[in-house]
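Biologist: Could you take me through one part of this model close up, namely a pair of helices packed against each other, and then show me what else is worth a look?

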Amino acid sequence: MLGFLKKPVVVTAEINVNLVALTVMGLISRLWGLSYPRAVVFDEVYYGQFVSLYMKRIFFVDDSGPPFGHMLLALGGYLGGFDGNFLWNRIGAEYTVNVPVWSLRLLPALAGALCVPLAYQILVELQFSHCAALGAALLILLENSLITQSRFMLLESILIFFTLLAVLSYLKFYNLQRHSFFSGSWWFWLLLTGVACSCAVGVKYMGLFTYMLLLAIAGLHFWHMIGDQKFSNVSLMCHFLARGLALVIIPVAMYLSFFYVHLTLLYRSGPHDQIMTSAFQASLEGGLARITQGQPLEVAYGSQITLRNVLGKPMQCWLHSHTNTYPIRYENGRGSSHQQQVTCYPFKDVNNWWIVKDPGMQQLVVSNPPRPVRHGHIVQLVHGITTRYLNTHDVAAPLSPHSQEVSCYIDYNISMPAQNLWRVEIVNRESDTDVWKTILSEVRFVHVNTSAVLKASGFIGASLPEWGYRQLEVVGEKLSKGYHQSMVWNVEEHRYGKSQEQKEREVELHSPTQMDISKNLSFMAKFMELQWKILTLKNEDTEHKYSSSALDWITMDTNIAYWLHPTSGAQIHLLGNVVTWASANIAALVYMCLSLWYLIRRRRKIYDIPEDAWQLWVSAGGICGGGWAVNYLPFFLLEKTLFLYHYLPALTFQILLIPIVLQHLSDHLCRSLLLKSMFSASIVAWFSSVYLVYCTFSPVTYGQPSLSVTELKDLRWKDSWNILIRKQ
């Protein structure tokens with residue numbers, strides 16, 4: 001029974017020495033001297049702010065993309081014990097002792113290092129030789145720009161890692177597909193494809209294009225399966241559902257989970273939450289939540305409210321009035337009503353308070369029990385401090401003569417009667433009997449007499465002149481002009497009025513609100529709002545010293561100075577390996593020309609290469625050439641400030657194309673032994689030049705050793721490169 005103990009237990013393992021060696025070299029090239037320089041390097045000044053906010057659990061919005069990449073950087077800070085206390089205010093600022101520089105830069109560096117063995121495995125899975133795969137990995141290893149970008153607290157190396165991982169996972173899944181269906185390995189690589197795609201999109205939206213490329217390739221492969229008669233209908237349906245689960249449902253679920261973790265971690269109010277709706281702000285700890293916590297939920301006749309414009313661009317503002325009146329005549333000679341001014345004011349102020357009044361009653365307090373205002377009800381809005389009624393009439397607005405002036409009515413007894421009735425329309429109502437709710441209801445006010453809608457019109461960038469204190473204009477806009485968010489308002493602060501006397505009411509308006517009802521948004525509501533803000537919120541594009549156009553990237557006519565030592569000539573630049581970049585362009589051009597030649601010849605029934613070689617050529621081009629195209633061409637359509645590092649994901653795919661083209665030329669165009677020998681010798685010479693250029697530019701890749709003025713000038717191989725030379 002115990003006979004198995006008579007023999008030793010033997011475990012055998014296959015170790016790919018190439019893969020191990022490449023991984024070690026990748027780690028050394030990216031992790032060596034990682035804490036140097038111990039100063040803020042280029043965009044670390046940007047991403048570092050978000051890491052600090054994560055450490056302090058303060059909410060923020062970054063319009064550059066989803067939060068997963070930021071969370072990975074914050075994870076590095078968390079593992080290093082970072083407390084978030086550092087002022088990320090300028091490039092070159094020395095890090096204080098509490099900043100774990102090595103830990104913050106670790107994850108991008110690891111991602112960059114692992115791209116080296118990933119490149120090797122991708123070419124192996126594409127059925128190319130181990131020699132070609134080794135060449136691809138070494139080109140990635142010796143690419144100066146990829147080294148520089150992966151050694152700092154930046155996101156491009158993480159994005160490239162997940163895109164390469166997604167490609168490798170799909171290739172492994174596809175190769176297993178030929179002989180093993182629904183096995184453990186088959187499921188593992190299929191699921192990992194979806195996970196890696198989701199992570200790539202979660203780091204930066206550019207990852208979406210690689211995801212779409214893989215979806216298209218998977219769809220094409222499945223289309224071929226449909227034409228294969230050996231698959232039954234049931235089997236095809238199972239394959240379709242498996243791909244749908246792994247490549248669509250799981251990535252969407254993971255993408256949502258990134259936001260769930262992001263919103264769970266960032267539960268405190270901060271400066272960024274002001275661009276969010278009142279409901280979102282009220283869900284955060286501190287800030288608006290401190291003011292609005294426990295407010296009455298239902299707006300009633302007699303309620304005291306502040307009305308915030310929903311659009312919030314270019315800044316949030318509240319419906320406001322003050323004792324000053326419109327000038328009798330404007331600068332252009334046009335007359336006004338000389339009524340009390342109504343504006344949209346971008347700061348909290350006691351003059352933002354209004355009282356919701358029942359037109360049929362005189363009281364300005366809430367009855368017992370309160371009578372809620374519903375969709376479609378007619379109300380009057382009384383300015384809390386001046387007790388004048390919100391009014392609009394057929395008088396041209398000061399800045400928008402095509403719209404009606406909005407004012408608080410003053411009885412001048414000049415045959416201009418008050419027109420102060422407004423119909424409450426709840427835009428996001430579920431039924432026509434919905435009650436007007438604090439924060440949650442988005443409301444439009446329609447003027448009963450003229451059918452004009454109350455609108456904040458100052459969002460075109462104009463503000464009232466000095467007589468209007470540079471505040472934003474409010475107008476009555478005709479309904480026929482269409483719907484716009486600037487016509488929608490929500491109640492932000494709310495209390496039930498108790499004082500009928502004006503002096504007592506003014507004291508009440510100056511006091512904070514104190515009642516007890518909580519208003520919590522669901523995760524999906526917060527996700528939808530935050531996602532919309534990320535997609536639509538755009539910072540003003542300003543020309544940057546190192547910004548460039550997409551056309552400059554192909555020939556590397558631009559560079560970026562990342563860091564300069566305060567006293568010596570040591571500096572770090574984003575500069576690529578010139579030989580590699582030129583070779584990648586030539587390889588892409590050769591691939592396109594050869595493909596066109598083959599296609600024309602095949603159309604004429606002339607087959608220059610075997611069918612399996614043709615299929616390999618097409619599939620490799622679809623992955624590598626397609627990866628370059630989808631990561632590069634979209635930048636010609638984007639209206640944003642562009643930098644050289646945006647090209648690195650596309651460059652990575654283009655580099656993979658070099659050994660593919662070289663092996664194809666060697667196998668199919670070099671037909672004699674002499675040609676093959678000469679071709680091999682030229683490849684050795686070419687690769688030696690790649691290594692030589694890497695070594696030449698390594699001082700500005702790693703920032704050390706420091707170079708003399710003459711040495712720095714010698715590195716300026718192109719007049720368009722901005723190598724920093726200190727004045728002597």
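Modeller: Sure, let's begin with α18 and α19: α18 passes α19 in a right-handed crossing. By handedness I mean that a crossing is left-handed if the near helix is turned anticlockwise from the far one by less than a right angle, and right-handed if clockwise. Keep in mind that this is a predicted model, where local features need pLDDT of at least 70 and side-chain atom pairs count only at pLDDT 80 or more, while totals for chains, interfaces and linings use all residues. Residues are numbered from 1 along each chain as its sequence is written, and side-chain values use heavy atoms, with hydrogens and water left out.

Back to the pair. Helix α18 covers residues 648–668 and helix α19 residues 673–702, and their axes come within 10 Å, crossing at roughly 160°. Helices here are DSSP runs of H or I with at least four residues, and strands are runs of E with at least two, numbered from the N terminus. Axes are lines fitted to C-alpha atoms, for helices over the stretch in contact, with angles running from 0 to 180 degrees between N-to-C directions. The two helices are therefore roughly antiparallel (over 145 degrees; under 35 is roughly parallel, 65 to 115 roughly perpendicular, and the rest oblique).

Who touches whom? On the α18 side you'll find Ile 658, Leu 662, Leu 665, Ser 666 and Asp 667, and they meet Lys 676, Phe 679, Ile 683 and Trp 686 of α19 (contact means heavy atoms within 4.5 Å). That set splits into six nonpolar residues, one polar and two charged. For the bookkeeping, Ala, Val, Leu, Ile, Met, Phe, Trp, Tyr, Cys and Pro are nonpolar, Asp, Glu, Lys and Arg are charged, and the others, Gly among them, are polar. Follow the chain out of α19 and you reach the loop between α19 and α20 (709–714), which holds Pro 705; a cis peptide bond joins Gln 704 to Pro 705, with omega about 5°.

Now set α16 and α17 beside that. Helix α16 (residues 578–603) and helix α17 (residues 611–632) have axes that come within 12 Å and cross at roughly 140°. That angle makes α16 oblique to α17, and their crossing is left-handed. From α16 the contact takes Tyr 591, Leu 594, Ser 595, Tyr 598, Leu 599 and Arg 602, and from α17 Glu 611, Trp 614, Trp 617, Val 618, Gly 621 and Gly 622. By class, they come to seven nonpolar, three polar and two charged.

For the wider setting, the protein is divided into domain 1 (294–512) and domain 2 (541–727), with bounds from an automatic or database domain assignment. Their C-alpha centres lie 60 Å apart.

One more stop is the aromatic rings, with 51 pairs in the structure. Among them, Phe 259 and Phe 527 sit edge-to-face, 5.0 Å centre to centre with 80° between the planes. Pairing here takes rings of Phe, Tyr and Trp (its six-membered ring) with centres within 6.5 Å; planes under 30 degrees apart are stacked, over 60 edge-to-face, and the rest tilted. This pair ties distant parts of the chain, 268 residues apart: Phe 259 belongs to helix α10 (residues 233–265) and Phe 527 to helix α14 (residues 523–536).
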